[in-house]
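Reader: Could you walk me through this structure, one question at a time?

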Amino acid sequence: ITRLKQVNQLQIGLFADLLEKLKAANLLSESLVLYGSDMSDGNTHYTENLPMLLCGQGTDLKFGQEVTLPSRRPLADLHVEILQLMQVPGFTTFGSGACQSTGQAVGIRV
């Protein structure tokens, strides 16, 4: 557990450094940076309730909040909402099988 904490601290430190560099270069206002994992519990490989962090700026985004979704909601829903937010055409769905997006908004937009 101690080694895992050290790795996590190193990774989040690198993430913070990236955000600081984007801000210093006046690029953070033009960026969305997603940080997270594909597992909420690496010991059991549990894939629900994934911790995600979305950073950047935007007038139509709700920042400074925790978004809690119903269980068994595919992460692809977040990916689709980000693609639509970035005005990437042609994405109304993403993924396949049980991981396919539902088409429902996640709630990151104002």
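Author: Happily! One definition to begin with: a residue is called buried under 20% relative accessible area, exposed over 50%, and partly exposed in between. Please keep in mind that this is a predicted model.

Reader: Thanks. Is Cys99 buried or exposed?

Author: The relative accessibility of Cys99 is 56%. The cut-off for the exposed class is over 50%. Cys99 therefore counts as exposed.

Reader: And Cys55, is that residue buried or exposed?

Author: Cys55 has a relative accessible area of 16%. Residues under 20% fall in the buried class, so Cys55 is buried.

Reader: How many disulfides does the structure hold?

Author: A disulfide would need a pair of cysteine sulfur atoms within 2.5 Å. The number of disulfides in the structure is zero.

Reader: Let's turn to α2. Why is α2 described as largely enclosed by the rest of the structure?

Author: The helix α2 spans 76-85. Its buried residues include Ala76, Leu78, Val80 and Ile82, and also Asp77 and Glu81. Among what covers these buried residues are β1 (32-36) and β2. α2 is largely enclosed because the buried residues number seven of the ten.

Reader: Which residue with a positive phi follows α2?

Author: Just after the helix comes a residue whose phi is near 60 degrees. That residue is Gln87.

Reader: Where is Arg73 found, and which side chain does the side chain of Arg73 join in a polar contact?

Author: Arg73 belongs to the loop between β2 (52-56) and α2 (76-85). Its side chain also reaches a backbone oxygen, that of Ala105, at 3.0 Å. The side-chain partner, in a polar contact of 2.4 Å, is Asp77.

Reader: Leaving aside neighbours within four places in sequence, which residues is Arg73 in contact with?

Author: The backbone oxygen of Ala105 has already come up as a partner of the Arg73 side chain. With sequence neighbours within four places set aside, the contacts of Arg73 are Thr102, Gln104, Ala105 and Val106.

Reader: Gln65 is in the loop between β2 and α2 too. Is Gln65 buried, exposed or partly exposed?

Author: Not counting residues up to four places away in sequence, Gln65 touches Gly107 and Ile108. Its C-alpha atom is separated by 15 Å from that of Leu34, a residue 31 positions away along the chain. The relative accessible area of Gln65 is 37%, and the intermediate class lies between 20% and 50%. Gln65 is therefore partly exposed.

Reader: Now the pockets. How much space lies in the largest pocket?

Author: β2 and α2 each supply at least two residues of the lining of this pocket. By class, the lining divides into 20 nonpolar, seven polar and six charged residues. The space in the largest pocket is about 1100 Å³.

Reader: Of the residues that line the largest pocket, which are the closest to its centre?

Author: The lining holds 33 residues in total. One of the closest to the centre, Leu78, is also a buried residue of α2. The closest residues are Leu50, Met52, Leu69, Leu75 and Leu78.

Reader: Which element gives the largest share of the lining of the second largest pocket?

Author: This pocket has a volume of about 350 Å³. Of its 15 lining residues, the closest to the centre are Leu4, Asn8, Ser37, Met39 and Pro51. α1 (2-24), β1 and β2 each supply at least two lining residues. The largest share, three residues, comes from α1.

How values were computed: Residues numbered from 1 in each chain as written. Predicted model: local features only at pLDDT ≥ 70, side-chain atom pairs only at ≥ 80, totals over all residues. Heavy atoms only, no water. Helix = DSSP H or I, 4+ residues; strand = E, 2+ residues; numbered from the N terminus. Polar contact = N/O pair within 3.5 Å; in protein donor to acceptor, adjacent residues only side chain to side chain. Contact = heavy atoms within 4.5 Å. Buried < 20%, exposed > 50% of the residue type's maximum accessible area, 1.4 Å probe, protein only. 1 Å grid on protein atoms, 1.4 Å probe; cavity = no way out; pocket = protein on both sides within 12 Å on 5 of 7 lines; lining within 4 Å. Points joined across faces, edges and corners; volume = space filled by probe spheres on them. Nonpolar A, V, L, I, M, F, W, Y, C, P; charged D, E, K, R; others polar.
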